[in-house]
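Hi everyone, thanks for making time for this. I'd like to walk you through one protein chain, piece by piece, so have a look at it first.

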Amino acid sequence: KVDEVRAIADPVGATQLATELADGLQLYRVACPIGVIAIIFESRPEAAVQISALALKSANAVILKGGKEAVKTNAALVDAIQEGL
């Protein structure tokens, strides 16, 4: 799944829509980061990796809150992600 995210073109700064209004005024919709994304997920440790990959690709920060059943696994995955950065 992370390889699929890596293969996606960089969305930041991409023009998604361009329209010419009256008197030559041009209107553009350009992709930009949201800023911070907060995600709460249950005991799916792979979710931390997938969500982090999407957040990085879109130039956003992410706050993750995983289920208590996978606390140690999620902590290890987040440590590995941080070390990789």
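Let's start with I81, which sits in helix 3. Before we go on, keep in mind that this is a predicted model. Which residues does I81 touch, if we skip those up to four places away in sequence? The answer is A48, V49 and S52. Take A48 from that group: along the sequence I81 and A48 are 33 residues apart, yet in space their C-alpha atoms are 9.2 Å apart.

I81 also turns up in the lining of the largest pocket, and so does S52. That pocket has a volume of about 160 Å³. Which elements give two or more residues to its lining? They are helix 2, residues 45-57, strand 4, residues 61-65, and helix 3, residues 71-84. If you want to click through some of the lining, try L56, N60, V62, V78 and L85, which are among the residues there. By type, the lining has 8 nonpolar residues, 3 polar ones and no charged ones. As for how one finds a space like this, rolling a probe the size of a water molecule over the atoms shows where empty space is left.

Now, strand 4 has a partner. Strand 3 and strand 4 run parallel, and 5 bridges join them. If you'd like one pair to look at, I40 has K65 in strand 4 as its bridge partner. Is strand 3 buried or in the open? Strand 3 covers residues 36-40, and of those 5 residues the number buried is 0, so strand 3 lies largely in the open.

Follow the chain past strand 4 and you get to G67, in the loop between strand 4 and helix 3. Buried or exposed, what would you guess for G67? G67 counts as buried, because its relative accessibility is 8% and the cut-off for buried is under 20%. Leaving aside the neighbours within four places in sequence, G67 is in contact with F41, E42 and N74.

Let's go to another pair of strands. Strand 1, residues 15-20, and strand 2, residues 26-30, run antiparallel, with 5 bridges joining them. Two pairs are worth finding on your screen: A18 has Y28 in strand 2 as its bridge partner, and T19 stands opposite L27 in strand 2.

L17 is in strand 1 as well. Not counting residues up to four places away in sequence, L17 touches L27, Y28 and R29. L17 is partly exposed, because its relative accessible area is 43%, which falls between the 20% and 50% cut-offs. How far is L17 from the places we've already visited? From L17 to A61, which lies 44 residues away along the chain, the C-alpha separation is 25 Å. From L17 to G67, 50 residues away along the chain, it is 39 Å.

Between strand 1 and strand 2 there's a loop, and D23 is in it. This hairpin has 5 residues between the strands, and D23 takes a positive phi near 60° there. Here's a bit of background. Most residues other than glycine have a negative phi, and most peptide bonds are trans. D23 has that positive phi although it is not a glycine. D23 also counts as exposed, because its relative accessibility is 83% and exposed means over 50%.

Where else can we find a positive phi in a residue other than glycine? Try A59, with a phi near 60°. A59 is in the loop between helix 2 and strand 4. And A59 is partly exposed, with a relative accessible area of 44%.

Last thing: how confident is the predictor about this chain? The average pLDDT is 90, and 100% of the residues score at least 70. Among the elements, strand 2 has the highest mean pLDDT, at 95, while helix 1, residues 2-7, has the lowest, at 88.

That's my tour, so thanks for listening, and do ask me anything.

Conventions: Residues are numbered from 1 along each chain as its sequence is written. This is a predicted model: local features need pLDDT of at least 70, side-chain atom pairs count only at pLDDT 80 or more; totals for chains, interfaces and linings use all residues. Side-chain values use heavy atoms; hydrogens and water are left out. Two strands pair if DSSP finds at least two bridges between them. Helices (H or I, at least four residues) and strands (E, at least two) are DSSP runs, numbered from the N terminus. On a 1 Å grid over the protein atoms alone, a cavity is a set of points where a 1.4 Å probe fits but cannot get out, and a pocket is an open set with protein on both sides within 12 Å along at least five of seven lines; lining residues have an atom within 4 Å of a point. Grid points are joined across faces, edges and corners, and a volume is the space filled by probe spheres set on the points. Ala, Val, Leu, Ile, Met, Phe, Trp, Tyr, Cys and Pro count as nonpolar, Asp, Glu, Lys and Arg as charged, and the others, Gly among them, as polar. pLDDT is the predictor's confidence in each residue, from 0 to 100. Contact means heavy atoms within 4.5 Å. Buried means under 20% relative accessible area, exposed over 50%, partly exposed in between (1.4 Å probe, protein chains only).
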